[in-house]
Amino acid sequence: MSKTHFDREHHVKKATDVGDPQCFKGEAGPAKFKVGDRVRVRDLPSLFYSRTMVYTRGAECTIAELVYESPPAEDEAWDNCDNPEWFYSVIFHQKDLWPEYPEAYADDTLETELSERWLEAV
Amino acid sequence: MAEKHKAAPMVDEISDFEVLEIAVRELAIEKGLFTAEDHQLWSEYMETVGPLPAARLVAKAWLDPEFKKLAVTDGVKASLEVGINWITDMPSHFGTPSDYCNLRVMEDTPTLKHVVVCTLCSCYPRPILGQSPEWYRTPNYRRRIVRWPRQVLSEFGLTLPEEVEVRVEDSNQKSRFIVLPVRPEGTEGWSEDQLAEIVTRDCLIGVAVPKPGKTATDKRPVHPAINPVDH
């Protein structure tokens with residue numbers, strides 16, 4: 001990014017009357033995963049900023065929905081909207097997040113959203 | 001007037017974050033980004049936003065299967081029918097970082113119960129639900145609901161049987177969530193207004209389920225003080 005003049009209002013101009021994440025629709029290219037795919041959350045380094053919770057790292061989950069396209073939080077925190085990604089709603093079994101989760105409630109789940117860079121096929 | 005009852009200050013210190021907010025606000029006013037009047041208008045506006053539109057949305061969905069389908073697939077579009085425009089209205093407007101414009105309505109079934117949290121800090125569907133309750137923002141709730149959801153729900157008075165799957169929604173990206181609870185028994189033939197009354201804020205976050213007779217405007221219990229102040 002060798003912009004000589006950085007437009008601090010670029011996001012406002014883009015999102016006004018369109019909405020965010022709606023304003024990034026169609027910018028992420030083809031999605032890598034589809035509903036029903038089993039994936040694992042990557043344990044990437046997250047310097048400075050991330051929204052990928054530590055408790056999800058390394059755990060396996062299922063893609064429940066392709067929710068929207070958006071720059072990942074790690075980029076957006078620095079006002080970088082150059083590389084939007086697909087965001088997925090994923091569902092974990094609580095057992096896979098917390099080993100001590102009671103067996104009696106083995107069906108309990110947790111759903112959250114992650115961007116594509118954080119997921120790898122199992 | 002008895003000397004022994006010396007009033008203690010209600011708040012004896014403010015947090016670092018409050019200091020930071022005041023500093024940033026005053027700088028912004030000095031720099032001309034907004035005026036003190038703008039700030040007051042906004043603050044007052046935010047206090048008028050509440051959970052009634054979301055309660056109305058749930059009541060409509062209970063009565064109209066077509067509307068329910070729309071709510072579950074496109075929460076932003078469904079919100080228009082209860083007077084909330086996520087895209088153009090305050091407080092979300094063009095998508096300030098704390099209020100993105102993607103609403104997901106999570107439908108409970110007799111065997112599936114959703115409950116919403118933001119472990120990141122306090123993501124909350126403010127345009128349709130107003131300001132989040134204080135407990136929603138506490139580390140206590142945020143840490144424990146993802147790990148021990150059944151215990152935390154029990155503390156709210158909601159004990160769920162084994163055969164009901166509890167699904168925690170950790171809302172920390174750009175979607176905001178409300179829960180569409182199961183319509184309770186004993187509400188047959190009710191009007192939309194009657195139904196909307198029993199859909200309280202807690203039902204919409206998912207820490208309670210609607211019950212006939214239980215509304216947000218219930219009378220609060222009042223107990224006489226044990227050691228009343230003499231005045």
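## Chain B and its contact with chain A

The C-alpha centres of domain 1 and domain 2 of chain B lie 29 Å apart. Please keep in mind as you read that this is a predicted model. The domain assignment places domain 1 of chain B at residues 17-47 and domain 2 of chain B at residues 50-205.

Let's start with chain B as a whole. Its C-alpha trace spans about 60 × 50 × 35 Å along the principal axes. Chain B has 10 helices and 4 strands, and reading along the sequence gives the order α-α-α-α-α-β-β-α-α-α-β-β-α-α. Of its 231 residues, 35% count as buried. If you take the contacts in chain B between residues at least 6 apart in sequence, 71% of them join residues at least 24 apart.

Helix α1 of chain B covers residues 16-31. From first C-alpha to last, this helix of 16 residues reaches 22 Å, close to the 22 Å expected at 1.5 Å a residue. α1(B) is hardly covered, with a count of 0 buried residues among its 16. After α1(B) comes B:Gly32, which has a positive phi near 85°.

The core tells another part of the story. The largest nonpolar core holds 64 residues, and B:Val58, B:Val199 and B:Leu204 have the most contacts inside it. Helix α3 of chain B (residues 52-63) gives the most to this core, contributing 7 residues. Setting aside neighbours within four places in sequence, B:Val58 is in contact with B:Leu180, B:Pro181 and B:Val199.

Now to the strands. β2 of chain B runs over residues 112-117 and includes B:Val116. Is B:Val116 buried or exposed? B:Val116 counts as buried because it has 26 C-beta neighbours inside 10 Å, and the cut-off for a buried residue is 20 or more. Not counting residues up to four places away in sequence, B:Val116 touches B:Glu169, B:Ser171, B:Phe177, B:Val179, B:Ile205 and B:Gly206. The C-alpha atoms of B:Val116 and B:Val146 are separated by 9.4 Å, although these residues are 30 apart along the chain.

Strand β3 of chain B (residues 165-170) is joined to β4(A) and also pairs with β2(B). Because 5 of its 6 residues are buried, β3(B) is largely enclosed by the rest of the structure. Here are the two pairings of this strand:

| Partner of β3(B) | Sense | Bridges | Residues that stand opposite each other |
|---|---|---|---|
| β2(B) | parallel | 6 bridges | B:Val117 and B:Asp170 |
| β4(A) | parallel | 4 bridges | A:Thr112 and B:Asp170 |

B:Asp170 thus has B:Val117 opposite it, and A:Thr112 stands opposite it as well. Another opposite pair is A:Thr109 and B:Arg167 of β3(B).

Finally, what does the contact between the chains take from each partner? Chain A gives 27 residues and chain B gives 25 residues. On the side of chain A that touches chain B, α1 (10-15), β2 (60-70) and β4 (109-115) of chain A each supply at least two residues. The largest share of that side, 5 residues, comes from β4(A). By type, the residues on the side of chain A that touches chain B divide into 14 nonpolar, 6 polar and 7 charged. β4(A) therefore appears twice in this picture: it gives the largest share of that side, and 4 bridges join it to β3(B), a strand that is largely enclosed because 5 of its 6 residues are buried.

Notes: Residues numbered from 1 in each chain as written. Chains lettered and ligands numbered in written order. Predicted model: local features only at pLDDT ≥ 70, side-chain atom pairs only at ≥ 80, totals over all residues. Contact = placed C-beta atoms within 7 Å. Nonpolar A, V, L, I, M, F, W, Y, C, P; charged D, E, K, R; others polar. Pairing = 2+ DSSP bridges. Domains from an automatic or database assignment. Buried ≥ 20, exposed ≤ 12 C-beta atoms within 10 Å, placed from the backbone. Core = buried A, V, L, I, M, F, W, Y, C linked by C-beta atoms within 7 Å. Expected span 1.5 Å × (residues − 1).
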